[in-house]
Structure formats: C-alpha cells, structure tokens
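User: I would like to practise reading features from a model. Could you take me through some, one step at a time?

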Amino acid sequence: MINHLRPAITILFLLTLVTGLAYPLAVTRIGRALLPQQAQGSLIERNGQIVGSRLIGQNFTSDRYFWPRPSATSPDPYSASASGGSNLGPTSAKLKERVDSDMKRLSVAGIAAPVPADAVTTSGSGLDPHISPDYAAAQVARVAKARGVNEADLKALLSRLTEGRDLGFVGEPRVNVLELNLALDEMKS
Amino acid sequence: MTIVGWLQISLLFLFVAIAIKPLGVYMAQVFEGERNLATKLGGPFERGFYRLAGINPDKEQGWLSYTLAMLAFSLAGFVSLYAILRLQAYLPLNPQGFPAVPADLAFNTAVSFVTNTNWQNYAGEAVMSHFSQMAGLTVHNFLSAATGMALAMAVTRALARSKVSTLGNFWVDMTRATLYVLLPIAFIIALGFVAMGLPQTLDASATATTLEGAQQVISLGPVASQEAIKQLGTNGGGFFNANAAHPFENPTAWSNYLNIFSMLSLSAALVYTFGRMVGNRRQGWALITAMAVLLITGVAVTYWAEAAGNPILTSLGVDAAQGNMEGKEVRFGQAMTALYAAVTTGLSDGGVNGMHGSFTGLGGLVPMFLIQLGEVLPGGVGSGLYGMLVFALLSVFVAGLMVGRTPEFLGKKIEGREMKFAMLAVLILPLVILGFTAISVMLPFAVASIGTAGPHGLSEILYAYTSAAGNNGSAFGGLSGNTLWYNSTLGIAMLLGRFAYVIPVMAIAGSLAAKVKTPASAGTFPTDGPLFVGLLIGIILILGGLQFFPALALGPIVEHFAMLAGQTF
C-alpha cells in the first residue's frame with residue numbers, strides 16, 4: 001500500500017489541476033466569450049435594472065400580476081439562493097392542509113374547483129418559472145379587472161406567450177410567469 | 001399516461017441506442033491503448049504524469065496490487081477533499097465568504113464524493129465555495145467515475161484473457177479514463193449546457209429587484225462544467241440544493257434530455273465495450289437487453305403511478321389531469337420526471353429533476369427498488385458493469401445447478417471460490433441497508449429526523465441507507481440528514497457499499513484471470529441468448545430484490561394503500 005502512495009498523491013494533484021481548475025476555467029472563458037447572456041444566468045434588465053432571470057421564477061402576490069406556483073423555499077417563497085421542494089410525502093397531513101388553504105385562497109380569487117394541479121403544488125426547485133396554460137387562463141379575469149383591461153386582449157397576450165411542445169411532443173405546454181408579467185406592464189391600459 | 005409522454009420517453013432511448021456502439025468502440029480503443037486524436041493531443045501529458053508519479057505504464061498489476069492502488073488513490077482523494085472542505089475559508093474563490101464545513105458534514109461529503117455516491121447533506125449554494133465546488137467536488141466527479149471504469153476494465157480483462165496473473169495497470173486505466181473519455185466529452189457537454197442556459201461564471205450571485213419591488217438574490221456559479229461531469233460520471237451531486245429540478249441545472253426539456261443522455265450513454269456503452277473486449281459482442285448486447293427490460297419497466301410503473309395523481313388532493317378539488325405535481329416542475333411534466341427518476345436510480349447517478357420524497361407510494365417505490373437491485377440498469381459508469389457481471393456469474397451457477405454441469409461463463413469455469421465471493425458482494429447491500437435502517441428506527445433521535453410521519457417516515461430512512469449503500473445519492477428529502485448520527489452512519493454505509501463490494505469482485509477477477517479460457521462445446525450453456533437474458537432478469541429480481549420486500553411492504557406499499565384510503569399522517 002505504501003508504495004502506491006506516491007503515484008496516488010502525484011496523480012491526484014495533477015488531475016486536480018486538469019479537471020478542477022483548467023476544465024472549469026476553460027469552460028467559463030469560452031462560455032463568457034461565446035454565450036455571455038446564458039453564462040451570466042439569463043438575466044433580464046428593464047430600464048437598466050436587473051428585474052430577474054428568465055429561467056428563475058419570482059413571487060407575485062398582487063392582483064395586477066399573474067401568480068406563480070406556490071414555493072417551498074425559505075425564508076420566503078422563490079428565494080433564489082435557497083432552492084428546494086417541500087419534500088412532503090403524499091400522505092402528509094401538512095401537505096393536505098396546505099393545499100386546502102391554497103384552494104380557499106384561490107376560490108376567493110375566483111378560481112373554482114377543479115383547480116389545475118400546478119396552482120396548489122410546490123415545485124421541486126421552489127423556483128419553477130412556469131405555470132400551466134390552464135392556471136394562467138384561470139387568472140385572466142382577475143388580472144383584467146385589477147388592471148382595467150379587456151379580457152380578450154389579455155387572452156391574446158397569453159396565447160402569444162404560451163410555449164408549446166417542440167416537434168409536437170417534446171416538453172410540456174407552459175407559460176413563463178415573469179415574461180408574461182413583464183409583457184403585461186408593457187400593455188397600454 | 002399519454003402517447004405524447006411515451007414518445008418523449010422513447011426519444012431518449014433512441015438517442016442512447018444510437019450512441020452505444022460508437023462510444024463503446026471508442027472506449028475499447030482507449031483502454032486497449034490504440035491511438036486516436038485524443039491520445040495524440042493528451043499523450044505528452046499522460047506520459048509526463050507517469051514520469052512525475054514514478055509509474056511504469058507497461059507494468060501490469062495482479063488483482064491485489066490493482067485493488068491496493070485503487071484504495072490508496074481513494075484514500076488520498078478522501079484526505080484531500082476533507083482538507084479542502086475544512087479549510088475553504090482560507091482558500092481562494094470564496095466570494096460568499098463561507099466558513100469551514102463542519103467536521104461531520106465534511107466527513108460525510110468527502111466519503112460521498114470519493115465513493116461516487118454524491119449524497120448531499122448540505123445545500124450547495126449555501127455551504128460550498130466555488131473553490132470547493134471546482135477543485136474539490138468536480139475533481140472527484142471525474143476521479144470516482146474514472147476509478148469505477150478502471151475497475152470494470154480489470155474485471156473485463158479477467159474474462160478476456162486466459163491463464164494470466166495480471167489485469168492491467170490501475171494508474172493507466174484511471175488516467176486514460178479521465179483524460180480521453182470523461183474530460184473531452186464533459187467539455188463538449190458543458191458548452192452545450194451553457195448554450196441551453198446553465199450559468200458558468202465565477203460570480204457568486206446577481207441581485208434582482210422584482211416587479212413587485214422585492215430583492216431577489218439569484219445564486220450563480222460554474223454550474224455547467226459541474227453539471228456535465230456530474231451526469232457523465234453518474235455522480236449526481238448537484239451544484240444547487242434542488243439538483244436538476246433547479247432551472248439553472250436543467251432549464252428546458254432539451255437540457256433534460258442531455259442530462260439523462262449524459263448519465264445513461266456511457267454506462268450503457270461500457271457494456272458494449274465489455275462485449276468487444278471479451279470477443280463476444282452478442283454477450284454485450286444480451287446484458288444490455290436485460291438492463292433495458294428492467295429499466296423500461298421501472299419507467300412505466302413510475303410514470304403510471306405519478307400520472308394517476310394523489311387521490312387525497314383530488315378529493316379536495318384538485319384536477320387530476322396533470323398527475324401528482326408536488327415536487328415536480330411544469331416544464332418536465334410526468335413522463336420526463338418518471339424517466340429521470342428511473343434512470344438516475346437504475347444508474348448510480350442520484351441526481352433528481354423532481355423530488356422523489358413527494359412521489360406517490362408506488363412511484364417512490366420504484367427508484368428505491370432500482371437502487372436495491374444493485375444499480376445494474378446499467379448502473380454507475382464502471383460499477384454497474386462489474387455489478388452486472390456478478391449477477392451473470394450467479395445466473396450461470398444457478399443454471400449449472402439445474403442441469404448438473406460445471407457452470408461456465410465466457411469459457412471460464414465458475415467454481416466455489418468465485419461463488420463465495422459473489423455472494424459476499426451481493427449480501428453487503430441488504431446487510432448495510434436493512435441493518436442501519438433497523439437500528440435507526442429504534443433510536444428516538446434518529447426517528448426525530450423524519451419529515452412525514454407514518455409509513456412515509458420509514459421510507460425516508462430506508463431510502464437514505466439504500467441510497468448511501470448503493471452509492472446513488474438521491475433522497476427522500478424530508479429526512480433531515482445533516483445530524484451527527486446520519487452523517488456518520490451514512491458515510492460508513494457509503495464506504496461499505498463501495499469498497500466491501502468491489503474487493504470481493506476484484507478477488508473474483510483475480511481468480512478468473514488465472515483460469516484457462518476453454519472454447520465453447522455442445523454442452524455449454526449459451527450466455528448470449530434470450531434464455532440467459534430471462535434467467536439473468538429473474539436472478540436480479542430474486543437475489544437482488546426479494547430480501548427488501550418486507551421492508552418495502554411496510555413503507556411505500558402501505559403508504560400506497562393509505563393514500564388510496566385517503567388517510568394522512
């Protein structure tokens with residue numbers, strides 16, 4: 001075993017230089033040169049200020065915006081430096097209570113049962129940027145009323161921003177909540 | 001389940017099927033020392049490394065020397081990784097100013113990455129500096145995988161050669177696996193990942209002002225480079241706590257394909273490499289067929305269970321059309337989450353794109369059961385191949401008992417010595433998994449860590465030791481594993497799952513290598529046909545799986561019926 005220690009330590013050190021420093025730093029350099037937007041986290045700026053990332057969900061509670069899915073991150077929903085899911089099992093009493101109370105909140109906001117599942121479940125990351133087209137459609141009346149805009153205009157906007165399946169089967173139909181709400185702010189009311 | 005869902009699943013298997021042969025041939029060339037573009041570019045480095053390390057690359061090792069070299073290398077890796085984690089406050093590239101990782105967590109993490117488990121009792125973005133992620137964790141993502149591949153090559157040579165005492169040189173196999181297989185492929189995949197939206201930066205985070213005026217701190221880092229080798233080396237340790245459910249590790253359906261493809265293709269191709277090196281390609285395909293049958297069954301059961309939804313929530317008025325969405329991302333849906341869950345556990349990857357702990361009873365049973373089968377579908381890169389060969393030896397032995405002939409595999413007689421070591425290896429998993437689970441459920445402070453009471457609580461503990469002993473790394477995350485008890489015992493389970501398994505396997509290899517390779521005769525049981533594939537599947541299920549059935553009945557199966565009855569805990 002002792003005579004294996006010299007090769008072990010030397011090879012470990014050399015391969016650390018190659019795989020632990022040269023490799024990630026080379027990918028970083030090339031990524032920044034060729035794909036700066038993606039390499040920096042697909043950030044969105046408005047009026048020179050970073051308002052979020054295209055890929056990361058953020059919390060919306062106002063009636064003037066479309067709401068995202070519930071989020072289990074702590075301390076606040078959609079904490080993008082503390083990703084994670086609820087990890088509650090299917091028979092968890094806490095899960096049932098939480099869904100029940102979210103159903104009541106949605107019902108006050110005019111969304112009646114059957115409610116789309118994504119509207120009352122937390123995502124695995126707690127940062128899901130998307131909602132289902134069904135959940136988005138269920139919120140149109142509320143947002144239109146709060147903003148004083150035409151429901152038909154909102155529906156048109158929604159269908160424009162709904163992403164479908166590539167090649168007809170890859171991926172799930174979805175709406176990016178942040179992009180939808182940014183477009184909403186652009187709309188003339 | 002929908003047609004669209006099955007089309008999504010089929011596309012992945014199509015990609016992998018196309019990649020198996022070219023990747024398999026390439027790896028055979030690398031390990032047999034043939035020259036190609038990569039060896040031309042890397043050759044001077046490779047030879048320089050050997051010179052500095054005092055290694056004679058032409059000198060082959062016997063099974064014991066090969067194993068000792070592997071153990072010495074793993075020990076050096078453990079010590080250096082432990083030191084990096086404990087000293088990260090004094091090391092460079094720590095923009096968030098993270099303090100040292102506590103001793104028990106550093107022990108658990110170092111063992112976890114050196115054994116190719118990548119169980120994570122920490123949230124990456126809140127604990128690990130960039131230096132720890134790159135020079136610590138990324139390095140071992142490469143090296144633990146390369147170690148697995150080297151061991152698989154040693155076992156392959158034992159079956160390919162006749163009457164020899166040596167199995168190759170560990171240093172050469174491991175260095176070649178890193179420089180010529182993992183590094184170039186990881187580099188290409190990492191750039192692909194950046195194009196798909198994975199961040200790759202040395203900045204710690206960006207701060208956004210949300211549309212509603214709140215501050216959102218968005219963690220960033222060298223994610224793409226780590227994600228590529230995390231999958232390619234079937235490691236599974238995420239940059240972020242949420243692993244590949246995090247949109248920065250897995251932003252689209254296409255990145256999801258690339259994630260799953262990266263983890264599955266090398267392991268599957270290595271089986272082809274095996275067939276080619278032992279001079280019987282049909283044998284490689286026979287093993288791949290058995291793996292595929294079991295893996296696709298696993299995908300189907302998870303998909304079916306999850307798409308059906310959770311009746312407890314349906315009764316509250318939740319639409320069942322989307323299935324069980326707790327812990328899942330909208331962009332993946334049920335089919336692509338089920339596919340990921342089955343592949344990550346049929347392999348020894350352990351990354352997740354949805355939270356297994358929030359799966360329904362049967363949906364969560366499948367990933368746990370696939371790990372308990374020994375992760376041979378097709379298993380970790382390297383470790384899956386030698387695990388599968390142990391089952392193949394057991395299969396020919398059982399077949400030999402039935403007809404009363406001395407069993408043979410690829411021309412090698414399988415005798416008492418090999419069988420004893422094979423059983424020793426196979427018994428390690430149930431001993432460690434069931435043993436530690438039984439002790440934990442009797443200790444009040446260990447039970448206090450569970451997140452959901454009732455049968456799910458047992459599942460959480462059982463899954464933790466299953467994942468650790470199987471060197472998988474996925475979790476039922478409700479369990480708060482970052483305690484002295486779990487950090488230590490899970491660490492021990494990982495060590496036993498890796499080394500107490502592979503040492504008997506290497507002893508088998510040494511014993512087989514010394515035997516004469518006899519040509520097949522009329523009385524030889526063919527091990528590359530459908531009869532053998534069926535027998536192998538049966539042996540995997542019975543010897544690998546059956547002993548876990550009582551524990552599974554008390555955990556996920558009871559939970560399934562409780563869920564149907566609407567009972568909560």
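Analyst: Start with the end of a helix. This is a predicted model. Look just past α10(B): Gly309(B) takes a positive phi of about 85° there.

User: How many residues does helix α10 of chain B have, and what span should they give?

Analyst: The check is rise per residue against end-to-end distance. Helix α10 of chain B covers residues 281-307, which is 27 residues. At 1.5 Å a residue, the expected span is 39 Å. The end C-alpha atoms lie 38 Å apart, so expectation and model agree.

User: What does that check give for helix α9 of chain B?

Analyst: Helix α9 of chain B, residues 253-277, has 25 residues and should span 36 Å. Its end C-alpha atoms are 36 Å apart, which agrees. Now look along the axis as well. α9(B) has a kink of about 30°, and the kink is centred on Phe261(B).

User: What phi does Gly279(B) take, just after α9(B)?

Analyst: Gly279(B) has a positive phi of about 75°.

User: How many residues of α9(B) are buried?

Analyst: Burial is read by counting neighbours: 20 or more other C-beta atoms within 10 Å make a residue buried. In α9(B), 23 of the 25 residues are buried, so the rest of the structure largely encloses this helix.

User: Is His140(B) buried or exposed?

Analyst: Place the residue, then count. His140(B) sits in helix α6 of chain B, residues 130-160. His140(B) has 31 C-beta neighbours inside 10 Å, so it counts as buried. Next, look beyond the neighbours within four places in sequence. There, His140(B) is in contact with Gly77(B), Leu81(B), Phe113(B) and Val114(B). Sequence distance and space can also be set side by side. Thr115(B) is 25 residues from His140(B) in sequence, and their C-alpha atoms are 8.8 Å apart.

User: Which residues does Ala335(B) touch, leaving out those up to four places away in sequence?

Analyst: Ala335(B) belongs to helix α12 of chain B, residues 333-346. Its contacts are Gly5(B), Gln8(B), Ile9(B) and Tyr303(B). Ala335(B) has 26 C-beta neighbours inside 10 Å, so it too counts as buried. For a separation along the chain, take Glu125(B). Glu125(B) and Ala335(B) are 210 residues apart, with 28 Å between their C-alpha atoms.

User: Turn to the other chain. How do strands β1 and β2 of chain A run, and how many bridges join them?

Analyst: Read direction, then register, then the turn. Strand β1 of chain A (residues 43-46) and strand β2 of chain A (residues 49-53) run antiparallel, joined by four bridges. For register, Arg46(A) stands opposite Gln49(A), and Ile44(A) stands opposite Gly52(A). The two strands form a hairpin with two residues between them. In that turn, Asn47(A) has a positive phi of about 50°.

User: What domains does the assignment give for chain A?

Analyst: The assignment gives domain 1 (2-38) and domain 2 (42-186). Their centres, taken over C-alpha atoms, are 39 Å apart.

User: How many residues does each chain bring to the contact between A and B?

Analyst: Count each side, then ask what supplies it. Chain B brings 101 residues and chain A brings 88 residues. On the side of chain B, helix α7 (residues 170-196) gives the most, with nine residues. By class, that side has 53 nonpolar, 40 polar and eight charged residues.

Conventions
Residues numbered from 1 in each chain as written. Chains lettered and ligands numbered in written order. Predicted model: local features only at pLDDT ≥ 70, side-chain atom pairs only at ≥ 80, totals over all residues. Expected span 1.5 Å × (residues − 1). Bend = angle between axes of the 7 residues up to and from the residue. Buried ≥ 20, exposed ≤ 12 C-beta atoms within 10 Å, placed from the backbone. Contact = placed C-beta atoms within 7 Å. Nonpolar A, V, L, I, M, F, W, Y, C, P; charged D, E, K, R; others polar. Domains from an automatic or database assignment. Pairing = 2+ DSSP bridges.
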